[in-house]
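Hello,

Here is the structure we spoke about, with the sequence alongside. My notes on one of its sheets follow below.

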Amino acid sequence: MASSAPYTVKWGIMATGWIAETFTQDLLTNPASRDVHDVRHEVVAVSSSSSVQRAEEFIAKVKAPSSTKAYGSYHELVADPNVDIIYVATPHSHHFQNAMLALEANKNVLCEKSLTVTASQTRKLIETARSKNLFFMEAVWTRYHPISIKVRELITSGAIGNVYRTVADLSVGRDGPDGKIDFPDNNRMVNADLAGGALLDLGIYALTWVFQSLYHLQPEEEKEAPKVFAAVNKYHTGADETTSIILQFPKHKSQGIALTSLRVASDPDGKDTSGASIRIQGSKGEIQVVGPAYRPLQYRLITKESDGKAEVVNFTIPKDPERDWGHGMFWEADECARCLRDGQKESKTLPWSESIVIMEVMDETLKQGGVTYPELISTDVYDPQSPLNTGKR
Ligand SMILES: NC(=O)C1=CN([C@@H]2O[C@H](COP(=O)(O)OP(=O)(O)OC[C@H]3O[C@@H](n4cnc5c(N)ncnc54)[C@H](OP(=O)(O)O)[C@@H]3O)[C@@H](O)[C@H]2O)C=CC1
Ligand SMILES: O=C1OC[C@@H](O)[C@H](O)[C@H]1O
């Protein structure tokens, strides 16, 4: 008799910043509020590299169960036998060392995007997950949204014919006075010590739409790593402030254009009046995706037959009324739970090989742009005593 009880996953949260809070609150929502009944999530431990008090405050703030363990170090978190999977929510600079710490402790891992600072680090993480037979996934939450699933289905159905070009932009207009960008130099968005810059923080989403539409849906044997042509403007901190990438897929005669900037905005007035931030263009028409590339909520299907009348479909993010919360990160958590339940070590929606290819595109882009990051955060040598793992910042 198949079990009707939902499969439960016990999460350990590594770090207590903004995204950790957002993701944890999504974990704590009732899955039934998004019509999910086959999996559920428990938050059993939280760690802060700052202090155990910080972890305790976090647990209280997100209204996690009082039984949730609070730790003052990442090392203690990964040693907790009650944790099934670790969510790594530190800056990208820390992801390699922190995710390795968890994998080496035989924990499954969901690691925030961008996965790492370099492609070599990503390859090392995946080698480790594979050799230890652990689940590992990059937390590109957008891929698990209903709109992404539907857009991929439309492309697969041939609704727009052969897809020849995708233009995708995620930019935030933070141009400030005196040529400055409106982030303090020590902010992770521009701080090279934290792998700052537009590409690794925002550009990953433009690349996500390029890859979802031009790479992911190809038959395995026809997937090809693109040629990369990049233009990078650097900020005085050494991080990239505006980056534009042309990705050429010769085998399929397709091109992707991925745009990202901290100077100008994809959506200058916050009202989507500037139209689609993503255009997926095919031989029979195009799909325009409207809204921020990380969480768009509308697509428009325009075909030659539609005679100027686009099919417009809107999406919503379900909220748990009990918690008055819903952000849209729960769908990636549900994917992790289903993979763990089914013994899958990687998500078919974002396979390890695709995370590697995307990181290689970003490697090449940063190389062409002359952007380099400090050895401490770009080394692919795991060190459990790295300051990135011990919290000695
Ligand atoms: N999927 C999404 O929508 C989003 C994803 N992100 C991703 O999540 C990651 C974290 O971003 P965000 O939560 O905004 O960042 P925050 O700065 O808000 O949080 C980062 C946390 O990492 C820990 N940390 C450890 N060492 C350092 C250090 N040297 N400097 C700063 N923090 C440190 C801290 O937690 P503690 O002290 O408790 O250890 C800190 O609170 C990034 O990789 C980003 O790309 C960010 C926003 C949205
Ligand atoms: O992943 C992200 O999505 C939203 C952005 O505001 C944030 O900087 C980025 O990390």
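Strand E13 and strand E14 run antiparallel and are joined by four bridges. Please keep in mind that this is a predicted model. Within that pair, Tyr299 has Val313 of E14 as its bridge partner. On its other side, E13 (residues 298–303) pairs with E12, again antiparallel, through six bridges. There Val289 is the residue opposite Tyr299.

These strands belong to an open sheet of eight strands with mixed pairing, in the order E8-E9-E10-E7-E11-E12-E13-E14. Which strands stand at the edges? They are E8 (227–234) and E14 (311–314); each has a single partner strand, so one side of each is left without a neighbour in the sheet. On average, neighbouring strands are turned by 10° against each other, direction ignored.

Further along the sheet, strand E7 (residues 163–171) and strand E11 (residues 278–282) run antiparallel, with five bridges between them. Val167 faces Arg279 of E11 in this pairing, the two standing opposite each other.

Two helices are worth noting against the sheet. Helix H7 (residues 198–214) lies across five strands: E7, E9 (240–249), E10 (254–261), E11 and E12 (285–290). Its direction is at about 160° to E10. Helix H9 (residues 352–369) also packs on the sheet, where it touches E8 and E9. The direction of H9 makes about 50° with that of E8, the strand at one edge.

Regards

Methods
Residues numbered from 1 in each chain as written. Chains lettered and ligands numbered in written order. Predicted model: local features only at pLDDT ≥ 70, side-chain atom pairs only at ≥ 80, totals over all residues. Heavy atoms only, no water. Pairing = 2+ DSSP bridges. Axes fitted to C-alpha atoms, helices over the stretch in contact; angles between N-to-C directions. Contact = heavy atoms within 4.5 Å.
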